[in-house]
Amino acid sequence: MSLPNVAYFSMEIALDQSLSTYSGGLGFLAGSHMLSAGYLQMPMVGVTMLWSYGYYDQRIDHSGQVEVAYIRKYYDFLTDINVTVEVETFGEKVKVKAYRVEPELFGACPVYLLTTDIEGNSEWAKRISHRLYDGDERIRIAQETILGIAGIRVLQKVGYNFDVVHMNEGHALPAAFELLRQYNGDLNEVKKKTVFTTHTPVAAGNEVHWVDTLLEGGFFSGCSRERAVQLGGENFSLTVAALRMSRIANAVSQLHGLVANKMWEWVDGRCPIRAITNAVNLHYWQDKRMSGDSTDEELLSAKLEMKKKLFKYIANVAGKRFDPNVLTITWARRFADYKRAWLILMNKERIEKLLNENKIQIIFAGKFHPDDVMGKEMFNKLLNRSHTLKNVVVLPGYELKLSGMLKRGSDIWLNTPLRPFEASGTSGMSANANGALHLSIFDGWTVEGTFNGINGYTVEYEGLDDDMPWEERHWKDHECVMSIIEDQIIPTYYNNKPEWARMMRQAIRTAEGYFNSDRMVIEYYNRLYKPIAHDDSCTGEEKKELNISETPTFDAWTFSNIK
């Protein structure tokens with residue numbers, strides 16, 4: 001049986017620093033998916049938007065506060081395929097032009113980029129593809145409408161005969177509604193073609209809009225209000241509708257599989273949710289000097305050189321000079337409240353003692369959503385505090401190049417989400433691949449890939465999932481993080497280099513062995529894309545004939561009190 005042709009729809013895809021079509025983790029993951037699909041020569045194409053201003057450029061203004069800036073991007077390396085389609089949204093017929101990223105450019109599978117920022121469209125219509133995740137609800141709905149509906153029409157116009165439409169998050173849901181229109185309302189036909197990845201249990205990541213606003217935006221591609229409400233409710237949930245319109249869905253780690261199945265168990269008519277753990281493209285992220293077969297001396301020497309390169313960048317950007325011989329801890333990811341960037345700094349005296357004695361250096365980096373007031377305030381508070389703290393720096397921006405430098409130049413990669421809200425996370429995987437040890441709350445992919453004392457450090461304790469006030473949970477987690485740093489990490493780093501090198505080696509081997517997106521793409525083909533007879537979409541009779549047990553999909557991990 002030949003492999004199915006897959007069309008992978010994602011609002012953001014991070015292929016290269018030179019192409020600003022991403023904001024953070026979701027884009028990094030999608031980029032790894034496309035790069036591995038290209039490397040493995042899988043029959044797949046990507047579909048995303050060509051953002052005229054990217055996400056946004058983050059910099060520090062004259063007053064020392066973080067500034068959100070929008071700078072128009074220009075590209076001369078995209079292929080103009082001379083394809084334009086039309087989509088109606090909010091009463092306007094909007095022209096959508098497509099470009100293609102050729103496989104030889106970055107080594108990925110072909111990726112189609114859609115833009116409305118062209119002559120012939122109104123100024124409002126041009127704005128649809130200006131900024132990734134625009135805060136204006138109507139623009140945001142129009143963006144998703146264009147991605148899904150125009151994406152399907154472009155692929156059909158270029159003659160790409162897809163067997164599977166993979167909706168990477170709910171943003172691409174209009175693709176399923178466009179198929180529903182083309183199949184004259186036959187939902188079973190749509191389900192044969194569509195699969196869905198849900199990425200987060202956090203409410204903000206599971207979009208909800210009033211159904212009439214979506215109708216006005218053309219989101220449903222001609223589907224009636226009544227049918228739309230049946231699929232997603234009047235206060236329309238993109239995730240709920242996607243679960244009802246797909247043949248099968250997946251969560252992005254084994255723990256997230258448990259959380260997602262519990263979270264969405266009330267949705268009648270939903271498809272099965274499997275767990276396929278995220279991974280990163282090691283061909284892109286891993287420094288060639290880092291290998292699971294390297295000697296202690298090779299690993300420690302390469303890490304020292306990587307730190308020197310990163311610290312030169314820090315000195316140029318932030319005016320702080322870091323010592324490559326000092327243990328360097330990095331927290332770098334999206335500035336969202338549940339990710340708790342501030343956790344390590346909660347006890348002022350305790351952290352300052354380590355900083356002032358040159359026991360540790362701390363780097364913070366990351367972006368917040370431009371309309372996230374709390375995220376911006378968190379960034380500014382950390383930034384202002386870093387000016388008065390020795391050995392602490394906050395770096396603006398978190399594009400691919402900086403992310404790669406941080407993962408290469410860090411000793412410890414710190415991950416402090418409020419469990420179980422981190423569905424997977426991937427930054428620690430690429431950090432591991434570069435010999436940075438993971439220090440993480442026991443959440444997301446950490447449950448599967450960070451083994452305490454073997455290749456990193458995990459925050460686990462009695463009552464991990466017990467009910468307790470959030471403030472108490474924050475202090476409990478902080479205490480554990482600090483104790484691990486003081487009692488385990490610092491003594492090993494400074495007094496037992498062979499042991500540190502051994503753990504580096506095991507971190508690299510773990511990344512190479514499992515958290516490589518080549519594995520992930522193959523697993524997607526085998527467990528999501530291919531119509532294998534014994535998958536979860538079989539009928540009960542088919543399972544009986546094949547002697548397949550009804551064992552729950554998620555029996556690898558047992559957590560009794562996931563709330």
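**Two sheets, a helix pair and two cavities**

Let me begin inside the protein: the largest cavity has a volume of about 50 Å³. Please keep in mind throughout that we are looking at a predicted model. A search of the whole structure turns up 2 cavities of 30 Å³ or more, and I will come to the other one towards the end.

Which residues line the largest cavity? They are Ala-14, Leu-15, Phe-28, Gly-31, Ser-32, Leu-35, Asn-281, Tyr-284, Trp-285 and Leu-400. Two elements, α1 and α11 (282-285), each give two or more residues to this lining, and the largest share, 4 residues, comes from α1. Sorted by class, the lining of the largest cavity holds 7 nonpolar and 3 polar residues, with no charged residues.

Since α1 has come up, let us stay with that helix for a moment. Helix α1 covers residues 25-39, and it packs against helix α20, residues 517-529, at an angle of about 85°, the two axes being 8 Å apart; α1 and α20 are therefore roughly perpendicular to each other. On the α1 side, the residues that meet α20 are Leu-29, Ser-32, His-33, Ser-36, Ala-37 and Tyr-39, while α20 contributes Ser-517, Asp-518, Met-520, Val-521, Tyr-524 and Tyr-529. The residues of this contact between α1 and α20 divide into 7 nonpolar, 4 polar and 1 charged. You may notice that Ser-32 is found in this contact and also in the lining of the largest cavity.

Now to the sheets. One open sheet has 9 strands in the order β5-β6-β7-β2-β1-β8-β9-β12-β13, and its pairing is mixed. Its edge strands, each of which pairs on one side only, are β5 (79-89) and β13 (273-275). On average, neighbouring strands of this sheet are turned by 25° against each other, if direction is ignored. To take one pair within the sheet, strand β9 (residues 194-197) and strand β12 (residues 248-251) run parallel and are joined by 3 bridges, with Val-195 standing opposite Ile-248 in β12. Helix α5, residues 174-182, lies across β1, β8 and β9, and runs at about 150° to β8, whereas helix α10, residues 254-263, lies across β12 and β13, at about 160° to β13.

How are the strands of the 6-stranded open sheet ordered? The order is β16-β15-β14-β17-β18-β19, with parallel pairing. Here the edge strands are β16 (392-395) and β19 (456-459), each pairing on one side only, and the twist averages 20° from one strand to the next. Strands β17 (residues 412-415) and β18 (residues 437-441) run parallel and are joined by 4 bridges, and Ile-412 stands opposite Leu-437 in β18. Helix α18, residues 470-495, packs on this sheet and touches β14, β15, β17, β18 and β19, its direction making about 160° with that of β19. Helix α19, residues 497-513, lies across β14, β17, β18 and β19, and runs at about 75° to β18.

That leaves the second largest cavity, which has a volume of about 30 Å³. Its lining consists of Arg-419, Ile-441, Tyr-461, Leu-464, Arg-473 and Asp-477. By class, these divide into 3 nonpolar and 3 charged residues, with no polar ones, whereas the lining of the largest cavity has no charged residues.

Terms used
Residues are numbered from 1 along each chain as its sequence is written. This is a predicted model: local features need pLDDT of at least 70, side-chain atom pairs count only at pLDDT 80 or more; totals for chains, interfaces and linings use all residues. Side-chain values use heavy atoms; hydrogens and water are left out. Two strands pair if DSSP finds at least two bridges between them. Axes are lines fitted to C-alpha atoms, for helices over the stretch in contact, and angles run from 0 to 180 degrees between N-to-C directions. Contact means heavy atoms within 4.5 Å. Angles under 35 degrees count as roughly parallel, over 145 as roughly antiparallel, 65 to 115 as roughly perpendicular and the rest as oblique. Ala, Val, Leu, Ile, Met, Phe, Trp, Tyr, Cys and Pro count as nonpolar, Asp, Glu, Lys and Arg as charged, and the others, Gly among them, as polar. On a 1 Å grid over the protein atoms alone, a cavity is a set of points where a 1.4 Å probe fits but cannot get out, and a pocket is an open set with protein on both sides within 12 Å along at least five of seven lines; lining residues have an atom within 4 Å of a point. Grid points are joined across faces, edges and corners, and a volume is the space filled by probe spheres set on the points.
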